[in-house]
Amino acid sequence: MGDNNIEVPQPPLQTPLLQESNLSQENHHQQEVTRDEGTDLDRNLRRLETFLTFLGFNQSSPLSFILSWTVFVLVGVVLPIVILELPNCEGCDEYQIKDFELDIVASQACLAAVSLICLSHNLRKYGIRKFLFVDRSSGHMDRLRNLYIRQISESMRLLIWGSVPCFILKVSREVIRGLYIRHESWWQSVAILLGLILSWTYVSAIFLTASTLFHLVCNLQVIHFDDYAKLLERESDVLVLMEEHIRLRYHLSKISHRFRIYLLLEFVVVTASLFMTLFQTTGYSGIITAINGGDFAVSSVVQVIGIIISLHAATKISHRAQNIASLASRWHALAACCPADASQLRTSNSAGNIQAASLPNLLHINYSESDLESLDYVSMPTDSRLISYMSSYYKRHAFVIYLQMNPGGITIFGWTVDRGLLNTIFFLELTLVTFVLGKTIILSTT
């Protein structure tokens, strides 16, 4: 009978070695995905660095420094001056083109030189990764890598959308100028047209790229502040939150320190250029047309776009940093009204009603007026759960006060770039414009 027993074959069990091999394959796949994402970020950073090198921002060696400034002087300064000083220009004196355009070339060259000096210094000192705060040592690159890649792409798209309309406007103006201002031959007119467009494109690209790069740095920090707002929802340790906020404020202070000279000089040069335009156009006795005054409009549009990109980025990160205090106040209020450890302070009776925990009731002790002085010597009963709850409450309260007193943001020598500063700048500019218009109009009519 024992020989008739038929053994049913059992399915093979998965051995620990096979389990370990499957886990190693999954880990290997995750490492490959992480490596591919890191390669995408590295590829985007290399493209950005190549583009900055092409414009002359990469001045890490003496040779690149000399080459960058040589190209800038020849293309951005010498080329337009030589073209404007060419003789045998029919109509130049009639439209007063030379005097107008030389001042425009000077303002554009100053603005591009300021951008090139400030940003090349920072890139040479820190490198592209530390300059953008996407360094591997920061501890956030693996988690925020895709957001970094998306923001770099959006910043480059912003640069293209800001540059293309200005380029079309410049080409249209130069074509109109070439139709009315004739030279000895048609090829000379074409060469002048291409030379002026090349010089303008080079200096304008430097200025707009510097503004876009500052916009990129600020928006990468916006990613960190958005991530910090999510940290408030899942983290209850006040010390961790405070350390992270100190790190974010440290990054903002470094950005402010690196860009404060650039922002200040950019604002000063743009303001001076716009007032020069206002003086010349209002003081000119002739007729302002697209032939002699078209470059004023083109240069003003480029400068306004660049300053708007910079101020928008600075105000955006400043307001995002200031909003953290509001989020923390809401987080503190919710934690105080619905504390997670409130169950430790309450007990449930058999009927299911919630009542306060039995604490020593001192209210039933009667003290006479003469005994009030001895209250300091009465030993107050303590409850470890109540102390723990009140301790967490005071920690959160101190953290909220800290955020309210240290809002952070982009600063220029102590002035926070926010809506208040923008309103101040607007009213100062409006006052100066009104003053200039009053002086020029009165002088021209008298």
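# Notebook: helices, core and selected residues

I began with helix H7, where phenylalanine 259 and tyrosine 262 both lie, three residues apart, about one turn of the helix. I note at the outset that the model is a predicted one.

**Entry 1. Helix H7**

I looked up the burial of this pair and found both phenylalanine 259 and tyrosine 262 buried. I then checked the length of H7, which runs over residues 238–283. Its 46 residues should span 68 Å at 1.5 Å a residue, and the 63 Å between its end C-alpha atoms agrees with that. I also looked for a bend and located one of about 50 degrees at phenylalanine 259. At the N-terminal end of H7 I found a cap formed by aspartate 237. One of the side-chain oxygens of aspartate 237 lies 3.2 Å from the backbone nitrogen of leucine 239.

**Entry 2. Aromatic pairs**

I counted eight aromatic pairs. One of them joins phenylalanine 131 and phenylalanine 259, with 5.6 Å centre to centre and 45 degrees between the planes, a tilted arrangement. This pair connects distant parts of the chain, since phenylalanine 131 belongs to helix H4 and phenylalanine 259 to helix H7, 128 residues apart. I recorded phenylalanine 131 and phenylalanine 259 as both buried. For phenylalanine 259 and tyrosine 262 the ring centres are 6.4 Å apart and the planes stand at 70 degrees, so I entered this pair as edge-to-face. Which residues do ring pairs link into a cluster? I listed Phe131, Phe214, Phe259 and Tyr262.

**Entry 3. Overall layout**

I tallied 10 helices and four strands in the protein. From the N terminus on, I read the order of elements as α-α-α-α-α-α-α-α-β-β-α-β-β-α. Of the 446 residues, 39% are buried. Among contacts with a separation of 6 or more, I found that 85% are between residues 24 or more positions apart.

**Entry 4. The nonpolar core and helix H6**

I examined the largest nonpolar core, which has 78 residues. Leu132, Phe399 and Ile410 touch the most other members of this core. Helix H6 (residues 186–234) contributes the most to the core, giving 20 residues. I then measured nothing further by hand, but compared the computed span of H6 with expectation: its 49 residues reach 70 Å from first C-alpha to last, close to the 72 Å expected at 1.5 Å a residue. Because 35 of its 49 residues are buried, I describe H6 as largely enclosed by the rest of the structure. For phenylalanine 399 I set aside residues up to four places away in sequence and listed contacts with Tyr228, Leu232, Val238, Leu241, Met242, Ala328 and Trp331.

**Entry 5. Phenylalanine 133**

I looked up phenylalanine 133 in the loop between helix H4 (97–132) and helix H5 (141–180). Its phi is near 60 degrees, a positive value in a residue other than glycine. I recall that most residues other than glycine have a negative phi. Is phenylalanine 133 buried or exposed? At 8% relative accessibility I entered phenylalanine 133 as buried, the cut-off being under 20%.

**Entry 6. Aspartate 295**

I located aspartate 295 in helix H8 (residues 290–337). With a relative accessible area of 7%, aspartate 295 is buried. I found a polar contact of 2.8 Å between the side chains of aspartate 295 and lysine 170. Beyond residues up to four places away in sequence, aspartate 295 touches Glu101, Ile104, Lys170, Arg173 and Glu174.

**Entry 7. Isoleucine 152**

I placed isoleucine 152 in helix H5 and noted that it is buried, at 4% relative accessible area. Its C-alpha is 7.5 Å from that of asparagine 44, although the two residues are 108 apart in sequence. Leaving aside neighbours within four places in sequence, I listed Leu41, Asn44, Leu45 and Leu216 as the contacts of isoleucine 152.

**Entry 8. Proline 407**

I found proline 407 in the loop between helix H9 (384–405) and strand S3 (411–412). At 31% relative accessibility I recorded proline 407 as partly exposed. Arginine 249 is 158 residues away along the chain, yet the two C-alpha atoms are separated by 8.5 Å. Not counting residues up to four places away in sequence, proline 407 touches Arg249, Ala321 and Gln322.

Conventions: Residues numbered from 1 in each chain as written. Predicted model: local features only at pLDDT ≥ 70, side-chain atom pairs only at ≥ 80, totals over all residues. Heavy atoms only, no water. Helix = DSSP H or I, 4+ residues; strand = E, 2+ residues; numbered from the N terminus. Expected span 1.5 Å × (residues − 1). Bend = angle between axes of the 7 residues up to and from the residue. Polar contact = N/O pair within 3.5 Å; in protein donor to acceptor, adjacent residues only side chain to side chain. Buried < 20%, exposed > 50% of the residue type's maximum accessible area, 1.4 Å probe, protein only. Core = buried A, V, L, I, M, F, W, Y, C linked by side-chain atoms within 4.5 Å. Contact = heavy atoms within 4.5 Å. Phe/Tyr/Trp six-rings, centres within 6.5 Å; stacked < 30°, edge-to-face > 60°.
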